[in-house]
Every structure is written in C-alpha cells, then in structure tokens.
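Colleague: Could you take a close look at the salt bridges in this model and walk me through them in one connected account?

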Amino acid sequence: MVCFNRRDLGLLALRVGTGVVLAAHGSQKLAGWFGGGGIQGTTAAMEAMGFHPPKHSAVAAGLGEAGGGALLALGLATPAAGAAAAGAMAGAVAVHAPAGFFAQGGGYEYPAFLGFTAAAIGLTGPGRYSLDHVTCHVFDRPWMVALAFAGSAAAAAAVVGRRAKGRAEREEETS
C-alpha cells in the first residue's frame, strides 16, 4: 500500500505552483515569452526604474525568477532556489513600494507574496516528492540554507541600495 504524506503533498503543490509562476514571470524578462519584453525590453525597463547597470540587472532578475522558479518547482537546490527568487522579488518590492501595499494600486503585494513564499520553501525544504530527496539532498545541506540566504540578502541590499542612492542623486540634481 502506498501511503502519501499530506505535508509532502502540500509542499509539492506549493513548490510547483510558486515555481511555475516565478519561472513564467522570469521567462518574460529573459526570452520575451508570454508577452514579456525579453532582455532588450527588460533592460530598458530596468534603466527607467533606476537599476544600474541595467542589462546586468535585467539578466539577474530574469535568472532569479526563471531559474529560481524552475528549481523550486523541481525541488532541486531548494535553499538556493528560494533565496534567488526571494532576492529577485526584493528588487521588485523596492520598485513597487512607493505605490503602497495593494497590487490594484501598483503596490508591492504580489512580489512580496512571491518572495516570502519562495523564502519559506527555501527554508522549510522541498519535502519528499522532490529531486532534492531523490539525490539524497546533495544540493540541500543545512549550511547551504545559511549561505544562500546570506548571499541573496547581501546582493539584494546592494542592488536596492545602489538604486536608491542613484535615484536620490538624480532627484537632487533636478531640484
């Protein structure tokens, strides 16, 4: 008799749902799929939003979302995947924060939700129905959780801080 664990099934559903949404969102940035702007359009958008260098920012955001999302869906390298996706969403939260919380007004509700969900999966682990489990968690060691989240937090803080500094300098020049 096959016995399914509800916790592991729940993690599978959460991982796949969140991962697919993130992968689709990132593929808009990287490949222009699903009506996205591709690298050129995303680079122009990053420049307009104050991210520098804009092309590197576009690639990093796209890879964090598409790559992190795909890995989350598969349950492979789950700490790194969750941290990468959460870091990418931190940048999106910074862009949407001036509009307030709710998405209907352009706020940060949606990227914050995706970021917190990706982070929670990265911290909790993928569950038994995952490639990490099949590979005996070779890419899901406890030290990887700390390293992945520390690295992602440092990178997100640097990128968001650089953007904020650049925006403040431009506002100072125009006033």
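**Salt bridges in the predicted model**

Modeller: In this predicted model, the count of salt bridges comes to 3, taking as the rule a side-chain nitrogen of Lys or Arg within 4 Å of a carboxyl oxygen of Asp or Glu. Side chains of opposite charge can pair when their charged atoms come close.

I would begin with aspartate 8, which pairs with arginine 7 in a salt bridge whose closest N and O atoms are 3.2 Å apart. Aspartate 8 also forms a salt bridge with arginine 128, and here the closest N and O atoms are 3.0 Å apart. That second pair links distant parts of the chain, since aspartate 8 sits in helix 1 (residues 6-31) while arginine 128 lies in the loop between helix 5 (109-124) and helix 6 (131-134), 120 residues apart. Taken together, Arg7, Asp8 and Arg128 are linked in a network of salt bridges. Within this network, aspartate 8 has a relative accessible area of 2% and is therefore buried, the limit being under 20%, whereas arginine 128, at 43% relative accessibility, counts as partly exposed.

The remaining pair to describe is that of glutamate 65 and lysine 29, whose side chains meet in a salt bridge at 3.1 Å, N to O. Because glutamate 65 belongs to helix 3 (residues 54-74) and lysine 29 to helix 1, this pair ties together parts that are 36 residues apart in sequence. As for exposure, glutamate 65 is buried with a relative accessible area of 2%, and lysine 29, at 15% relative accessibility, counts as buried too.

Conventions:
Residues numbered from 1 in each chain as written. Predicted model: local features only at pLDDT ≥ 70, side-chain atom pairs only at ≥ 80, totals over all residues. Heavy atoms only, no water. Buried < 20%, exposed > 50% of the residue type's maximum accessible area, 1.4 Å probe, protein only. Helix = DSSP H or I, 4+ residues; strand = E, 2+ residues; numbered from the N terminus.
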